[in-house]
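Hi,

Here is the structure I promised to pass on. Have a look when you get a minute, and my notes are underneath.

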Amino acid sequence: MKAALILLSALLTAANACTLDGCDHPDCGGCGGACCKLAITINESTESVMNKLNASIASGGPDGLYTGMMTAEGTLTFGDLRAYDKQIDFIGQAEHLTINGLYTDTVNFALAPLSDTSTEVKAFSISQIAGAYCDDGQNYLNILQLVQGVKWVDGDLELDQVSHLDDSCPEPTE
Ligand SMILES: *[C@@H]1O[C@H](CO)[C@@H](O)[C@H](O)[C@H]1NC(C)=O
Ligand SMILES: *[C@@H]1O[C@H](CO)[C@@H](O)[C@H](O)[C@H]1NC(C)=O
């Protein structure tokens, strides 16, 4: 019994790959499995936001662990929907590998114009592996560190630019 508990504890520790600052919004089963869904407002055009996120992901992102995915539109990482008269201008996807190299998560982006100079980034990160109930804050970190790593015209991202769209990756309670 004791050995089984120690083994279980080792397994749970191994699954907790998020060990950095910013791993403070853990999710447990927010989407059936672990996920994080956020809306982030940036005072720049959708094209400017897309170009900056796209360039960051192309270089691996702030931690070098992001990889752009080929979109249904046929361009890497972000597809351009502006010709199709949709509510969003750009759609994108990247994968993120955890720092221990064990887990891959999918991060999706939809960029909607709030005005000509303001964009809502809807961002969604989900743990790919089956059975990831809790993520130790990884999915929130996948979104936040990428958006915080970009040089925005208004300067550093403020937390009041970030809002929750559902009950995933809730604010830390102390
Ligand atoms: C995003 O960047 C890639 C290069 O990594 C480029 O091929 C692609 O066209 C860009 N997407 C858009 C919508 O500009
Ligand atoms: C974005 O623009 C709005 C309206 O001009 C302003 O109230 C807000 O402070 C700006 N946000 C940032 C992060 O500068």
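On the surface there's a patch of negative charge, where Asp 154, Asp 156, Glu 158 and Asp 160 gather. Bear in mind that this is a predicted model. One of the four, Asp 156, sits in the loop that links α3 (138–148) to β7 (162–164). Its relative accessibility is 67%, so Asp 156 counts as exposed, the cut-off for that being over 50%.

Now for another aspartate, in a rather different setting. Asp 105 belongs to strand β5, which covers residues 104–115. What is the nearest side chain of opposite charge to Asp 105? That would be Lys 37, but it is 18 Å away, and Asp 105 has no salt bridge even though it is buried. What the Asp 105 side chain does have is a polar contact, at 2.9 Å, with the side chain of Asn 142.

Two backbone spots may also catch your eye. Asp 136 isn't a glycine, yet its phi is positive, near 60°. You'll find Asp 136 in the loop between β6 (118–127) and α3. Buried or exposed, or something in between, for Asp 136? Partly exposed, because its relative accessibility comes to 26%, and that class runs between the 20% and 50% cut-offs.

The other is Cys 169, again not a glycine, with a positive phi of about 35°. Cys 169 lies in the segment that follows β7. Its relative accessible area is 0%, so Cys 169 is buried.

Cheers

Conventions:
Residues numbered from 1 in each chain as written. Chains lettered and ligands numbered in written order. Predicted model: local features only at pLDDT ≥ 70, side-chain atom pairs only at ≥ 80, totals over all residues. Heavy atoms only, no water. Patch = residues over 30% accessible without salt bridge, like charges linked within 9 Å, V, L, I, M, F, W, Y side chains within 5 Å. Areas by Shrake-Rupley, 256 points an atom, 1.4 Å probe, with all protein chains shown as cover. Salt bridge = Lys/Arg side-chain N within 4 Å of Asp/Glu carboxyl O. Lys, Arg positive; Asp, Glu negative; His and termini not counted. Charge placed at Lys NZ, Arg CZ, Asp CG, Glu CD. Buried < 20%, exposed > 50% of the residue type's maximum accessible area, 1.4 Å probe, protein only. Polar contact = N/O pair within 3.5 Å; in protein donor to acceptor, adjacent residues only side chain to side chain.
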